[in-house]
Each structure stands twice: as C-alpha cells, then as structure tokens.
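Open the model in your viewer and set it to a cartoon view. Could you walk me through it, stop by stop, saying what to select and what I will find there?

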Amino acid sequence: MNIGKIWNYISKPEVVPRLFAAFLCLILAIEFFVPTTYYGDQLYPKDTPQGQIFKSNLAPYDRGGIPLIKPADIKTQYPQFEPIKGKITAYLTPLSLWLSEKTPYFGTTIVSTPGGILDEILYYTRGMDTILESLTLLVSFMIFSWIYLNRDRVE
Amino acid sequence: MDIVSYMFSKSIFVGIVVGILSLYAISRQKSDLHTLLLTDLVECAMLVIIAAIGTDLAEALILPGLVVGLAEFLAVSEILVYRNEMRKSNLSNNKKLRLFEEFLAKEEVYVNSVNFNKMEIIYSAPKFIGFILVLYGAFLTGFTGGAIMASGLLFYLLSQGAIGNGVSLKDIKHSWEAISGFSGIMWAFWILLGFAGFFLFPEHYLFFLLIAGCALALKVGSKLGLIGSLRIRS
Amino acid sequence: MSLNIDSIAGAFYGYVPFGDIVFYFTEFSLIGFIIALFFTLVVYLTKPEKQLESQIGDFGDKLNYVSLEELKIRRLMAIICGICTAFAMLTGDLFDYALFLAVIGIANMGIVSAVKKEGVLSAAFYYGIIAMISTLPLFGASALILAKTGTLSILELAKNSHDLLFQKIIYAVGMVGETGIAPFYAAKAEMFRAPGAPYILMIHLSSLLIIVRTVEIMLNIH
C-alpha cells in the first residue's frame, strides 16, 4: 500500500467525518471493559422514584419549603456563594400555586412557571450553562438567517 | 442498593451501544443527508448517558445538551441546503474541468416536490392551533413556554407558506431583522437584568426571577417562530 | 464545602463565583485570557485581506475580496469565538467548559460558512457533522465523571484521586472533534481561495488555546 494514496484519501473533506466516527466507535468500545461505578452522595439528589406520589401535589419535584417564606432544602456544591439558595426552588407563581391546590398531578405537567426545581438550577446555581446554551441557539440562528437571507445576493 | 445506582451501569451500557451503532452507521454512510439525520441519533445516545445519573442536576444538564444538538442541526442543515443549491447551479452553468475536482462528491441532488393540495389540515386548522399554542406558551413562561409558543408560530407560518400565501423574501427581510434583533435584545436583557441581578442584589431575587422567565420565553419564542416564515420554494 | 485552591497547578490569584460555577485565575489561565482578548481586539480593528488570483491559461487577474455583509457576519462570529475562548480559559466547571467548546465550534462554522463558494460550504458542512457527533464523547464524558465522583467542579476534582483515565480520554477526544479539528477545515477553506485573514486565524488561535487549556484541565483532575 502506497502511503501517498492514504494521504490523498484522507485529504478529502467528506472522508474525515467517516474516519472520525469509526475512531470514536473504537474508543467508546473500551467502555465495555471499564467498570462503571456510581458515587452515592450526589449533588441535587432526587427522592426515590414514585416516593412522593399522592403525598405531595408537587410530586416528583417537591423539595420542601414554603413560597417566599422558607427556602427549600437542596444540596449544592458551594453554598457559601449562594445567599438565596433554595428560595427560587420554593417559589411558585400565584397561578401555579392555585393549580397545585386543585390537582395532585401538578408536578408532572410542564407548567414550570419561574421557580420549578429545574429552573432554580438553570437560572441561579448553574446559570452560566443556560446562558451558553441560549448563546449557541443565538449563534446558530444568526448563521441560518444570514445564509437564508443572503442566498440570492450576487457578488 | 437503590434503583438509580442499580440501573446506572445498564443505562450506560444501552447509551454506549446506541452510540456505537449510530457511529458505525455514519462511518459506512455515503449520502450527506443520511449522515446528517444519523447525527441526531448520536445525540440521543448522549442524552441517555446524561439521564442515567438520575439526579435533578442531570435533568438540568439534559436541556443544554438537547439545545446544543438542536442548534448545530439547524445551522448544519441550512449549510447543506445552500451547498446543494449551489452545486446544482454550478453543475448546470459550467461543465469545464476545474482544479480540485476530486474534492467534489459525485452525489446527485434530488429535490422532491411535495403536493400539498390534498392536506385539509393546512387550510383549516393552522390559525386555531397556532393561537392556542401561543396562548399556552405565554401561560407557561420559561424555556418550555418559549418552545411551545415558537411551535405555534412555526406551524402557522409553515402551513401558510405551503399553500402559497407565504410572504416573499423581499417583503420579509426588514421584519425578519427586526424580530431577530428583538430576540437578541431579550437575550441581553435576561443576562444583564436577570442573571447578574441574582448575584448583585440577592434580596430582590423575585423581581429578577420574573424578568428571567419572561425574557427567556420571548427570546426563544420569537427566534424559533421566525423559521416558520420561510417560503417553501418549488 | 470550602473552596479548594491548593491542588491547582500554578499560583492562584482569585476567583469570581457564579453559584456553583466558579471562574478562577491562575498564572496559566490569566495569560490565555489576555492573549485571547488581545487577539479579539486585533480582529475587531484590522481590515480583511484581499487576494489577487492569477488565471492560468487565461488573461486577466481576479481580485478576491470580502464584501461588506460578509465582513460583518464573519467579524461578529470571530469576536464571539474570541470572547468565548477567553472565558473558557477561566471557567472552573467541566460541563460549562464543554458548553464553551460547543459555542466555539458553532462560531467557527459560522466564520467558514459565510463564504459563498461550494468547496468552502462543503468543508463547513463536514466540520459541522464532526462537531455534532463529538457532543457524545464530550457531554457523555462529563456525565460519567459526574456519576463517578459526584462533582463537576475542577477545583474539587483536583483534590482527591478518582481514577478517571478512561473518562479523560473520551473528554479529550470530544474536545478534538468539537474544536481541535477546526484548523484542518480552515486550512481546507483557505485552500479553496477564500480570502480569510484575520478571521480564519481566529479559528487557529482559539483551537490552539483550547487544546492547551484542555491539557491543563486533564492534568489537574485525577
């Protein structure tokens, strides 16, 4: 096998994704031989599955706390940097408060008005993640709309 | 031993198997369009691995992973569409031998024309469905609310485009730029007033929380809704 | 839980906490931050190059230049790429770092894809495919690290030994696919005679800085 032929083969742009995918296959296959261990004491723990059903109307996202009065009980990485830890988790808008009194299935809807458990993580303790996530959407939208709006332009 | 750590290694196994199979399919794939579709399957494997952790943090990490995949899919598919159009016009315009011709794939470009005349739903339903979805999205607020609002706008505008009532590119250019500018301003609003406010003035967190929720909904809703205003070109 | 600053390599100058995600300054990350911001300023201020292409077997030379609309979008993408590279130098969280890589990858795609040439668009498309499939190793590895150690903070991971060899390998492979491979495609785009500098150079610089920073993270966590 001539090495010059190999260089020419991998110089085509459309070949590189295929080669990279094959390489990733080999790397990921090692995972089957590596023992996976699970550290029990995780951050932001969940209750046991089905553990809160019919005990709380916010199941499975009830983390304790009373809106605007008592912060919820959550475990974060650096509590000393978070003066309002748990307050956003405990907060419910008046609308969602009303809904949660009416139905025991409130936690299973996506009416996650500001202050669901996920929103506390996304807005406050790990807010940088959400900023970057929506920045990705913004940038990809810019690329998309630029290509779309300028496709008929002639140089 | 609780159920999450019991299921963890099995979920990871499933995720890796899905990932390896889809990556193998990509490595054997010659068609660009199929490669693009298969990359979505790779992202599903990524979501399975993240979800295997089973804490609230994992649920919060799934959303960025999903959105990054969605965003890249949007940009890459538009690049592919544009590339194929350009290739078609290049093939018809000049037939003479060019430098670097070996870099151009020999794949044929197919443009399917779908007949929309028979679909009753895009004549009668879109106004009603779009209205309901936008109202429901405004009711939800936050990221999910924005996404639902966007899907309502998307459905309405796409169906209008499909039956030929869509606006042309020249008409839409200014309003498009205005709406995407509005969406960008909402993004900045959310970061400067929402996110930074949590750390600068922790005692007024409620105010910043409401700003963050509403600005995010408006941002996502206006942005994704714009995609629906594309006119389908036959 | 107190902030662990002893196990990080290099002198520790300070930190900016945003909840769980702590941005920290060491000798290395401060230098990388300043270089990336300085080059972003250079990209903002300089004008793009023009190319004169001589025709073989034909008369007349062809002038390649960057038109105003194209200049605007490519400069914006280069600036986003530069700022994200600068802040990726500082971040102290594995998942946040992975998201920075995703933003840099998509901005690189934007720099390349604004050129209206078929070969360049083709290169941008295949780079996008690689960036999309490498979200699996990148985010998957950070999820595996979270499951094994119970934390995502680099400062905490540096404290104890966790035996993370395989996860680190996958994370590095994900980094290579997301931004490390970008110069290859940028070189392809230059080969197709797209007038590029200084925007294409931003891809090279960000990818270089990201590779060095990933090596630093991989040496710090263990």
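The tour below goes through chain B, then chain A, and then chain C.

**Stop 1: chain B as a whole**

Keep in mind from the start that this is a predicted model. Select chain B and colour it by secondary structure: you will find eight helices and zero strands. Following the sequence, the pattern reads α-α-α-α-α-α-α-α. Now colour by burial: 39% of the 234 residues of chain B count as buried. If you draw the contacts between residues at least 6 apart in sequence within chain B, 65% of them join residues at least 24 apart.

Next, split chain B by its domain assignment, which gives domain 1 as residues 3-88 and domain 2 as residues 126-230. Place a marker at the C-alpha centre of each domain of chain B, and the distance between the two markers is 25 Å.

**Stop 2: confidence along chain A**

Switch to chain A and colour by pLDDT. The average for chain A is 82, and 92% of its residues score at least 70. Which elements of chain A have the lowest and the highest mean pLDDT? The lowest is α5(A), with a mean of 75, and the highest is α2(A), with 91. As a reminder for any such colouring, where pLDDT is low, the predicted coordinates should not be read in detail.

**Stop 3: helix α2 of chain A**

Select residues 15-29 of chain A, which form helix α2. This helix has 15 residues and runs 22 Å from its first C-alpha to its last, close to the 21 Å expected at 1.5 Å a residue. Show the side chains of V16(A), P17(A), F20(A), A21(A), L24(A) and L28(A), which are buried in α2(A). Why do they sit on the same side of α2(A)? They do so because they cover an arc of only 135° around the axis.

Now bring in what covers those buried residues. The cover includes α1 (3-10) of chain A and, from chain B, α1 (3-27) and α2 (32-51). Chain C takes part as well, with α4 (118-133), α5 (135-149) and α7 (165-180) among the covering elements.

**Stop 4: where chain A meets chain B**

Select the residues in contact between these two chains: 59 come from chain A and 55 from chain B. On the chain A side, the elements that give two or more residues are α2, α3 (87-90), α5 (117-125) and α6 (127-149). Of these, α6(A) gives the most, with 16 residues. Colour the chain A side by class and you get 35 nonpolar, twelve polar and twelve charged residues.

**Stop 5: where chain C meets chain B**

Move on to the contact between chain C and chain B, in which 26 residues of chain C touch 33 residues of chain B. On the chain C side, α3 (94-113), α4 and α5 each supply at least two residues. The most come from α4(C), with eleven residues. By class, this side of chain C has 19 nonpolar, six polar and one charged residues.

**Stop 6: F125(C)**

Finish by centring on F125(C), in helix α4 of chain C. Is this residue buried or exposed? F125(C) counts as buried because it has 29 C-beta neighbours inside 10 Å. Leaving aside neighbours within four places in sequence, F125(C) is in contact with V76(B), I79(B), L80(B) and R83(B). For one last distance, pick G92(C): F125(C) and G92(C) are 33 residues apart in sequence and 31 Å apart in space, C-alpha to C-alpha.

Key. Residues are numbered from 1 along each chain as its sequence is written. Chains are lettered from A and ligands numbered from 1 in the order in which they are written. This is a predicted model: local features need pLDDT of at least 70, side-chain atom pairs count only at pLDDT 80 or more; totals for chains, interfaces and linings use all residues. Helices (H or I, at least four residues) and strands (E, at least two) are DSSP runs, numbered from the N terminus. The expected span of a helix is 1.5 Å times one less than its number of residues. A residue is buried if 20 or more other C-beta atoms lie within 10 Å of its own, exposed if 12 or fewer, and partly exposed in between; C-beta atoms are placed from the backbone. The arc is that of the directions from the helix axis to the C-beta atoms. Two residues are in contact if their C-beta atoms, placed from the backbone, lie within 7 Å. Domain bounds come from an automatic or database domain assignment. Ala, Val, Leu, Ile, Met, Phe, Trp, Tyr, Cys and Pro count as nonpolar, Asp, Glu, Lys and Arg as charged, and the others, Gly among them, as polar. pLDDT is the predictor's confidence in each residue, from 0 to 100.
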